[in-house]
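Here is a short tour of a protein model, written for someone who likes to think at the bench. Have the sequence and the 3D view open as you read.

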Amino acid sequence: MSSHTPSKHLMKQSSKLLLEDLRKEREELDDLGELDITTILGSDFDDDSISAADQELIKEALIKGYDLRQYSKDVENNLNQMDKMTINDYFQERDNFLTLYTQIQVVDGVLETLETMLNNYYNDLKSIGSEMNSLQERSMSMNHKLNNRKLFDEKLSKFLDAVIIDPEFYNDLTNSKNGIDDYYISNLTKLDTKITLFDDYKKISPTICAMNEPQLSKLTVASIQKIQKYLATTLNSNFKKLAEKKQKQKQLANMGYLFQFLFKYSQYIASEVILSYVENNEKYFTSFYKAYVSALLKLLEDGAPGKNDFINIGTGKIKSLFNSTPNKNSSGSSSNNNNNNNNNNSNGTQQLHTTFSMGNRCELLVKEVLELPPIEPPQSSSSIPFLEAALEFIPIVNNNSSSNNNNNSNGKESGKELPSVKYSFDQLFRSMIYFLMDILGSETLFVKDFFLGGEDIIISIFTRSINHLVEVTENYLGNSYDVVGLVLMISMLYRYKSMMNERGVNALDKPFDRLIAMITNRFVKLFSLYLDHIKNTSIKDLKAGISCNSPHYVIRKYADFITTIQAVSANIPTQCDCQNVLCKAVAELKDSCNALINRLVQEIESKEDQIIFLANNYAIVVQSIQEYVVSNNGSGGTGGGTNGEIIPPDQDITIKPFYKSFQSVAKKYVDTQISNLKYLSHFITFSWEWGPLVESNVKIDLKENPSFNASNVTKILHAFEQNWRSAIAAIRNNSINHFSQCQYAQTQIFNLVITEIYTCYRMLAIIIDKYFESLKSDPNFKSDKIIDEMKEMNSNLNLKYIHQE
């Protein structure tokens, strides 16, 4: 007993310790919160094989403190019991399982039969696929053989067509009865193809080619001869009318292949055809053009400016040229421009040629006029019969109104010869140039289309015609003193040169440059002659034309000359030598004009008359240039700014020197006129003495300046109100008398007078507003009402009200 007591005691102690450990572990488990199998077995345990439901059961068992061994035994017993129950259920259902087995055996037999059928069907399909592949291969082989046979047939056919010449084909090309038409050109194309392929087939079948080569060569030679004969007859026909020639050329242009064939197989004969064409057409166009120019020259007007008109100074003859102003009806429509140009003779030839005045001659540079048909000479002017017929295609340039046209037609019908209209040389020159451009342009298009040629053929054809034009122009220039016509011709040539270049025709570039150089040299010569003559002319010879109340007639010439050059330079390219010549001429004219004015003014004794004389002469230059610019902007002509706007005179480099000089002289004239009006002199003096100081906010001490008082200002207001309107009227009347031949001077001086009085009155009003406010109620102080009256006198001035400043 005693021996077992310690051991029992020890076992109890061990049990207590075990229970305490289990209690601690349970408390620890409670502290862990939500448990899972990984918490119990450790984080290294792979719980992928344990389902979530099993984990929940284990977790629940652990929480409730189940004995896992006992729990495992219970589970094992349950499984054994379930196994026994399953065996028992299976045994009870043995008949059903037997029936199921039998059915499965039957189904397996059916599936085996189906498998056999499918295997047989698959084998049949494989056999069919093989047969289809075999058929496809046979089809490809047959198709390849067919293509080879077609290619062979095609090559054989091409070979036979190339080496064998059909008798019918031979007859179509050689028979002289068969004309040359589209069918012939088609056969000629086939012959070209035969010849091209024949050389290649010589290497393949030299025997057969050698047999047919003589016949092919014979056919080629016969075709060349037929084409040569046809072209010699057709190209070199002397047509009576240019319209017929153009129509025939238009038809031949579609047969350009004839010359291409000729050039390809016989360059020698092709060259002969070209040389023959050039030779015949050179004679044709030279005779034609000479006859046309000769007929035109018979229409040249008489009375063109001569040397005396150009340089003679100090005579009544030259002076009379400026008694009437140039025709200002130059702003009509383009349709009227032509009538105006052609009616100048009826309006007076002298008016056209005011030596340096452009007048309405600038209309010749309007695009619509430049592109008008050439002038048609009257039939009586034509010395060569074919010229009359040839010119029928050109519309007549109408020289009169529509009623006159009817009269012309009636006159022609009745067989009566109508009086021919005369033209200036520049108008005839335009027709000479434009007519040459027309026939040369038409010929250039044909040569390019038919001969595939260039400018060398055209230049060869028209060399003599161009030389004749140069000769006629040179003969005219030798005796010409019409500087306006010269600059018009220069500008015209530049415009026509640009027009031809736009059309792709450059054959006239060198001839035009040659003409421009000739005319420019003549212009420079006349220009130098005129300036030298003016410089060398004694002031005594010019003294007869000096009048303080009108511009000097030589200064008028200068004004017209400057205007003419400016008008023409607008139509000339800026980067050419002629433009430099004209710019230099304008600069020399301005310097010479200023120098002459300074020389002339010294012959006038009175200072007041000197001012009037200077204003007249400076103003006439500005007026002449501005009148031209305004009229040409209104009529769509040249001039003004780059976009057609009118450049202010203080910005126009041509007018600016004269404008500044005129403004300076005009200010002196206005100051002199106002100072002569004693009833306004005190008003002007007081305003200019105190006005600038008051405007500058300078403080004025009334005690130290006794004249600066309300009484004095009241007297000034009264005198101004009573006299300012009559003062302006008096100065205006004086300006009309002093500048009767210069409207520009009258207008500008009137503007200056109003501006001067307005400026002084504005300063007086500011003085009253700052120092004498009591005078605002004075009946003579009307402030803005005075300015309204000034605006009514001249609405073009920008006069601001006093309160607007």
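C593 is buried, and its relative accessible area is 0%. The model you are looking at is predicted, and C593 is a handy place to enter it, since one of the residues touching C593 is Y558. From there we can move through the core, the helices and a few individual residues.

**Cysteines**
- C742 is another buried cysteine, with a relative accessible area of 0%.
- How many disulfides does the count come to? The count comes to 0.

**The chain as a whole**
- The protein chain contains 31 helices and 0 strands.
- Of its 805 residues, 41% are buried.
- Taking the contacts in the chain with a separation of 6 or more, 79% are between residues 24 or more positions apart.

**The largest nonpolar core**
- This core has 189 residues, and the members that touch the most others are F429, F451 and Y558.
- Helix α30 (residues 743–771) supplies the largest share of the core, with 16 residues.
- Which residues does Y558 contact, leaving aside its neighbours within four places in sequence? They are Y530, L531, I534, L589, S592, C593 and L596.

**S592, a partner of Y558**
- S592 sits in helix α25, which covers residues 577–601.
- Is S592 buried or exposed? Its relative accessibility is 10%, and because buried means under 20%, S592 counts as buried.
- Setting aside neighbours within four places in sequence, S592 is in contact with L531, I534 and Y558.
- L531 and I534 also appear among the contacts of Y558.

**Helix α29**
- Helix α29 runs over residues 710–738, which makes 29 residues.
- From its first C-alpha to its last, α29 reaches 39 Å, close to the 42 Å expected at 1.5 Å a residue.
- Where does α29 bend? The bend is at N723, and it is about 50°.
- At the start of the helix, a side-chain oxygen of N709 comes to within 3.2 Å of the backbone nitrogen of S711.
- The buried residues of α29 include V713, I716, L717, F720, W724, I728 and I731.
- Polar or charged side chains are represented in that buried set too, among them N712, E721, S735 and H738.

**Helix α30 and V753**
- The 29 residues of α30 should span 42 Å at 1.5 Å a residue, and the end C-alpha atoms are 42 Å apart, so the two values agree.
- Why is α30 described as largely enclosed by the rest of the structure? The reason is that 23 of its 29 residues are buried.
- V753 is found in α30, and at 1% relative accessibility it counts as buried.
- Not counting residues up to four places away in sequence, V753 touches V670, I728 and I731.
- I728 and I731 are among the buried residues of α29, so V753 links α30 to that helix through these contacts.
- V753 and I674 are 79 residues apart in sequence, while their C-alpha atoms are 8.3 Å apart in space.

**N617 in helix α26**
- N617 belongs to helix α26, which covers residues 607–634.
- N617 is a buried residue, at 0% relative accessibility.
- What does the side chain of N617 reach? It reaches the backbone oxygen of F613, at 2.7 Å.
- Apart from residues up to four places away in sequence, N617 touches P551, H552, I555 and I597.

**Two loop residues**
- K422 is in the loop between α18 (402–414) and α19 (425–451).
- With a relative accessible area of 28%, K422 is partly exposed.
- The side chain of K422 reaches the backbone oxygen of K298 at 2.9 Å.
- K422 and L300 are 122 residues apart along the chain, yet their C-alpha atoms are separated by 5.6 Å.
- N697 lies in the loop between α28 (678–695) and α29.
- N697 counts as exposed, at 61% relative accessibility.
- Most residues other than glycine have a negative phi.
- In N697, by contrast, phi is positive, near 60°.

Terms used. Residues numbered from 1 in each chain as written. Predicted model: local features only at pLDDT ≥ 70, side-chain atom pairs only at ≥ 80, totals over all residues. Heavy atoms only, no water. Core = buried A, V, L, I, M, F, W, Y, C linked by side-chain atoms within 4.5 Å. Buried < 20%, exposed > 50% of the residue type's maximum accessible area, 1.4 Å probe, protein only. Helix = DSSP H or I, 4+ residues; strand = E, 2+ residues; numbered from the N terminus. Contact = heavy atoms within 4.5 Å. Expected span 1.5 Å × (residues − 1). Bend = angle between axes of the 7 residues up to and from the residue. Polar contact = N/O pair within 3.5 Å; in protein donor to acceptor, adjacent residues only side chain to side chain. Disulfide = S-S within 2.5 Å.
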